[in-house]
Amino acid sequence: SLVPDHGTWVLNKQTPNRQIWWSSPLSGPRRYEYEESSGKWVWTKYIDYYNAQNGNDGGSESGGAWTEDSTSLGEALKIEMIQLFQIEDGLEDLDNL
């Protein structure tokens with residue numbers, strides 16, 4: 001465990017689905033899909049919301065679900081590291097996930 005006092009984080013690669021499943025004691029379970037147009041792993045909650053708002057019925061392939069309001073895996077990791085360690089320096093590379 002990264003920080004025993006705070007719980008355990010689990011990342012699970014789902015290769016057939018092209019997804020990453022994440023479980024965090026801070027934010028709970030999440031599922032991410034790779035968004036080709038942005039080159040980032042996007043939280044599927046936002047993909048579903050985007051598609052519903054734009055009349056798409058599929059996953060991230062159905063029209064580019066990446067928006068400024070989306071949360072990427074890197075952004076989620078960065079937010080939780082800032083919450084835990086109260087630092088922002090050195091976390092810039094997470095923006096590329």
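In this predicted model, Arg18 is found in the loop that runs between β1 and β2, and its phi is near 55°, a positive value in a residue other than glycine. Most residues other than glycine have a negative phi. With a relative accessible area of 45%, Arg18 is partly exposed, because that value falls between the 20% under which a residue is buried and the 50% over which one is exposed. The protein around this loop has two helices and four strands, which follow the pattern β-β-β-β-α-α when read along the sequence.

**The sheet and its strands**

- The four strands form an open sheet in the order β1-β2-β3-β4, with antiparallel pairing, and the edge strands are β1 and β4, each of which pairs on one side only.
- From one strand to the next, the twist of this sheet averages 30°.
- β1 and β2 run antiparallel and are joined by five bridges, and one of the facing positions is given by Lys13, whose bridge partner in β2 is Ile20.
- β3 and β4 (residues 40-43) also pair in the antiparallel sense, here over four bridges, and Tyr32 stands opposite Trp43 in β4.
- The strands β3 and β4 form a hairpin with four residues between them, and in the turn Gly39 has a positive phi of about 70°.

**A residue of β2 and its surroundings**

- Gln19 has its place in strand β2, and it counts as buried because its relative accessibility of 8% is under the 20% limit.
- Not counting residues up to four places away in sequence, Gln19 touches Asn12, Lys13, Gln14, Arg31, Tyr32, Glu33 and Trp41.

**Aromatic rings**

- A pair of aromatic rings is described by the distance of the centres and the angle of the planes.
- The structure has two aromatic pairs, and one of them is formed by Trp22 and Tyr32, which is edge-to-face because the ring centres are 6.5 Å apart and the planes stand at 75°, over the 60 degrees that this class requires.
- This pair links distant parts of the chain, since Trp22 belongs to strand β2 (residues 19-24) and Tyr32 to strand β3 (residues 28-35), ten residues apart.
- Trp22 and Tyr32 are both buried.
- Arg30 lies over the face of Trp43, at 3.8 Å from the ring centre, and Arg30 is also among the contacts of Trp43, together with Arg31, Tyr32 and Thr71, when neighbours within four places in sequence are left aside.

**The nonpolar core and the helix across the sheet**

- In soluble globular proteins, nonpolar side chains tend to be buried together.
- The largest nonpolar core here has twelve residues, namely Trp9, Ile20, Trp22, Tyr32, Trp43, Leu73, Ala76, Leu77, Met81, Leu84, Leu91 and Leu94.
- The elements that give two or more residues to this core are β2 and α2 (73-85), and the largest share, five residues, comes from α2.
- Helix α2 lies across β1, β2, β3 and β4, and it runs at about 15° to β2.

**Other positions worth locating**

- Gln86 lies in the segment after α2, and its phi is near 50°, again a positive value in a residue other than glycine.
- Gln86 is exposed because its relative accessible area of 63% is over the 50% limit.
- Gly7 is placed in the segment before β1 (10-14), and it counts as partly exposed because its relative accessibility of 23% lies between the limits of 20% and 50%.
- Gly7 and Pro25 are 18 residues apart in sequence, while their C-alpha atoms are 5.7 Å apart in space.

**The chain as a whole**

- Of the 97 residues in the protein, 33% are buried.
- Among the contacts with a separation of 6 or more, 36% are accounted for by residues 24 or more positions apart.

Terms used
Residues numbered from 1 in each chain as written. Predicted model: local features only at pLDDT ≥ 70, side-chain atom pairs only at ≥ 80, totals over all residues. Heavy atoms only, no water. Phe/Tyr/Trp six-rings, centres within 6.5 Å; stacked < 30°, edge-to-face > 60°. Buried < 20%, exposed > 50% of the residue type's maximum accessible area, 1.4 Å probe, protein only. Lys NZ or Arg CZ within 6 Å of the ring centre and 35° of its normal. Pairing = 2+ DSSP bridges. Core = buried A, V, L, I, M, F, W, Y, C linked by side-chain atoms within 4.5 Å. Contact = heavy atoms within 4.5 Å. Axes fitted to C-alpha atoms, helices over the stretch in contact; angles between N-to-C directions.
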